[in-house]
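Q: Please take a close look at one part of this model for a reader who has not met it before. I would like to follow that part outwards into the rest of the chain, with each term explained as it comes up.

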Amino acid sequence: MRHTLPSFFAIAIFAVSSGGACLPAIRAPAFAASTGSDGTGVADLVREINAARRKQHLRLLRIDERLCAIARSHALDMLSRKFFSHTNPDGLDPFARMKRANYRFGYAGENLAVDESLDSVARDFFDSPEHRENIMEPHYVRVGIGTVSSDDGEIVVEDFSD
């Protein structure tokens with residue numbers, strides 16, 4: 001999902017899931033969460049993203065702790081309320097969640113995935129043309145990644161901004 005302000009509004013739903021669009025088997029109490037530069041897997045994911053961006057002569061992304069908090073909050077929300085979508089049950093999409101957190105952006109986007117590990121999520125993102133396009137968007141310079149481990153695998157939210 002990508003958004004450009006002020007007048008252009010482009011949305012494409014990008015979701016990768018090993019079990020379909022919904023995650024009915026996720027149980028809220030069974031999780032451990034990591035986000036931002038704390039998680040070694042997350043740091044590896046950012047290094048992999050930046051290696052791909054470097055090859056295309058794009059600016060490297062830096063981890064933004066505020067975006068990490070927004071991404072982690074959405075990952076936890078999906079786990080606790082048992083949904084898998086860019087838009088939560090209250091109707092808030094990534095851009096509304098960023099605005100609610102007083103996060104300013106001109107360009108923003110989000111990738112979602114759930115898979116058995118962060119390594120497999122990284123492969124999913126790079127193998128999907130839509131997710132890869134989001135990762136390689138030249139306007140983006142910041143990334144926030146939130147992960148939650150569930151009984152169904154790693155839930156990953158990548159939020160990007162300029």
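A: A good place to begin is a single pair of residues: Asp 115 stands opposite Glu 154 in S7. The model is a predicted one, in which local features need pLDDT of at least 70 and side-chain atom pairs count only at pLDDT 80 or more, while totals for chains, interfaces and linings use all residues. Residues are numbered from 1 along each chain as its sequence is written, and side-chain values use heavy atoms, with hydrogens and water left out.

The strand that holds Glu 154, S7, covers residues 153-161 and is joined to S5 by 8 bridges, the two strands running antiparallel. Strands here are DSSP runs of E with at least two residues, helices are runs of H or I with at least four, and both are numbered from the N terminus; two strands pair if DSSP finds at least two bridges between them. Another facing pair in S7 is formed where Asn 111 stands opposite Glu 158.

S7 also pairs with S6, again in the antiparallel sense, and here there are 9 bridges. S6 and S7 make a hairpin, with 2 residues between them, and in S7 it is Ser 161 that lies opposite Arg 142.

How covered are these strands? In S7, 9 of the 9 residues are buried, so the strand is mostly covered, where buried means under 20% relative accessible area, exposed means over 50%, and partly exposed lies in between (1.4 Å probe, protein chains only). S5, which spans residues 107-115, is largely enclosed by the rest of the structure, because 8 of its 9 residues are buried.

The loops that lead into S5 and S6 can be looked at in turn. Phe 105 sits in the loop between helix H3 (94-100) and S5, and it counts as buried because its relative accessibility is 11%. Although Phe 105 and Tyr 140 are 35 residues apart in sequence, their C-alpha atoms are 9.9 Å apart in space. Glu 137 belongs to the loop between helix H5 (129-135) and strand S6 (142-150), and with a relative accessibility of 10% this residue too counts as buried. The side chain of Glu 137 makes a polar contact of 2.4 Å with the side chain of His 139; such a contact is a pair of N or O atoms within 3.5 Å, and within protein one must be able to donate a hydrogen and the other to accept it, with residues adjacent in sequence counted only if both atoms are side-chain atoms.

S6 and S7 also take part in the packing of the interior. The largest nonpolar core has 19 residues, and Ile 135 and Ile 145 have the most contacts inside it. Helix H1 (40-55), helix H4 (118-127), S6 and S7 each supply at least two residues of this core. Another core, of 11 residues, lies apart from it and includes Leu 79, Phe 83, Phe 84 and Val 114. A nonpolar core is a set of buried Ala, Val, Leu, Ile, Met, Phe, Trp, Tyr and Cys residues joined through side-chain atoms within 4.5 Å.

Leu 79 of that other core leads on to helix H2, where it is one of the buried residues, as are Leu 67, Ile 70 and Met 78, among others. At the start of H2, a side-chain oxygen of Asp 64 reaches to within 2.8 Å of the backbone nitrogen of Arg 66. After H2 comes Lys 82, whose phi is positive, near 55°, and which is partly exposed, with a relative accessible area of 42%.

Seen against the whole chain, the part described here belongs to a pattern of 5 helices and 7 strands, which reads β-β-β-α-β-α-α-β-α-α-β-β along the sequence. Buried residues make up 51% of the 162 residues in the chain.
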